[in-house]
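Take a look at the chain below. This report follows a few strands, loops and single residues.

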Amino acid sequence: MLAVNNLEVVYDDVVLVLRGVSLQVPEGQVVGLLGANGAGKTTLLRAVSGLLDIHHGAVTRGQVTLDGDRIDHLDPQQIVARGISQVLEGRRVFGEFSVEENLRVGAHTRPKDRAANLERVYDLFPRLLERRAQAAGYLSGGEQQMLAMGRALMSNPRYLLLDEPSLGLAPQLVATIRDLITLINSQGTTVLLVEQNASMALSVAGHGYVMETGKVVMDKPAAELLDDDDIKEFYLGLG
Ligand code: ATP
């Protein structure tokens with residue numbers, strides 16, 4: 001299990017952004033993390049995947065553990081090697097490189113399994129196979145999201161962290177990405193899904209957390225969150 005315990009994160013030694021966050025991602029599940037802009041969701045993912053340093057952030061209290069071992073002092077490569085792979089917000093594919101070259105980059109921790117992982121990714125995303133020789137910069141937003149997810153899957157992770165995969169996508173594509181998350185999860189990958197699109201996240205997650213200004217304010221099964229009046233009003237626009 002991946003667990004975050006009472007985590008405090010500070011940027012530039014002064015800006016306190018996570019104020020004692022705890023959450024758990026049990027193996028095999030999809031866990032949703034909701035919250036408005038600036039709540040600290042991306043910061044939490046950075047803390048899990050070892051990316052705080054490059055953003056001048058640091059853990060000042062609490063810990064991140066994987067199967068009980070602390071991982072919050074490891075660097076990003078070591079964390080990928082432990083089986084945790086993140087898809088950054090905004091996709092960030094290498095636009096001048098081909099689709100397949102982008103995927104190969106994701107395989108650097110597991111060069112031996114590259115062919116098998118590439119086959120799995122092309123099975124999941126046939127669109128990427130069709131476009132394998134094309135420059136990634138020419139893909140649509142939805143295809144770039146698939147490529148970013150495919151690249152993260154090239155290390156065959158146990159845990160996949162997704163940062164707002166639905167951002168900027170048309171509703172039909174959001175549904176496609178949601179179905180792909182379900183499929184990836186059914187093949188054995190545990191998912192932590194950060195989303196501002198609450199209805200999307202709660203339609204795929206079994207459990208959900210809601211963050212506000214650096215704290216978890218709700219922690220419930222997704223079905224209960226969907227039924228919560230505050231969630232309906234503030235996150236689902238049904239108020
Ligand atoms: P978003 O949906 O906009 O990504 P978020 O919930 O993911 O929101 P974060 O990106 O984690 O939130 O940001 C939380 C707070 O930390 C914000 O106030 C943001 O301005 C601040 N912050 C993020 N990165 C840095 C940084 N490198 N240095 C200083 N402050 C930062």
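## Strands, turns and a buried serine

E4 and E5 form an antiparallel pair with two bridges. Strands (E, at least two residues) and helices (H or I, at least four) are DSSP runs, numbered from the N terminus. Two strands pair if DSSP finds at least two bridges between them.

This is a predicted model, where local features need pLDDT of at least 70, side-chain atom pairs count only at pLDDT 80 or more, and totals for chains, interfaces and linings use all residues. Residues are numbered from 1 along each chain as its sequence is written, and side-chain values use heavy atoms, leaving out hydrogens and water.

Leu 66 has Asp 69 of E5 as its bridge partner. Leu 66 in E4 also stands opposite Leu 2. E1 and E4 run antiparallel, joined by eight bridges.

The hairpin of E4 and E5 has two residues between the strands. There, Asp 67 takes a positive phi near 50°. Most residues other than glycine have a negative phi. Asp 13 has a positive phi too, about 65°.

Accessibility has three classes: buried (under 20% relative accessible area), exposed (over 50%) and partly exposed in between, with a 1.4 Å probe and protein chains only.

| Residue | Loop between | Relative accessible area |
|---|---|---|
| Asp 13 | E1 (2–11) and E2 (15–25) | 75%, exposed |
| Asp 67 | E4 (57–66) and E5 (69–70) | 44%, partly exposed |
| Ser 98 | E6 (84–87) and H3 (99–105) | 12%, buried |

What does Ser 98 touch, not counting residues up to four places away in sequence? Its contacts (heavy atoms within 4.5 Å) are Arg 132, Ala 133, Gln 134, Ala 135 and Ala 136.
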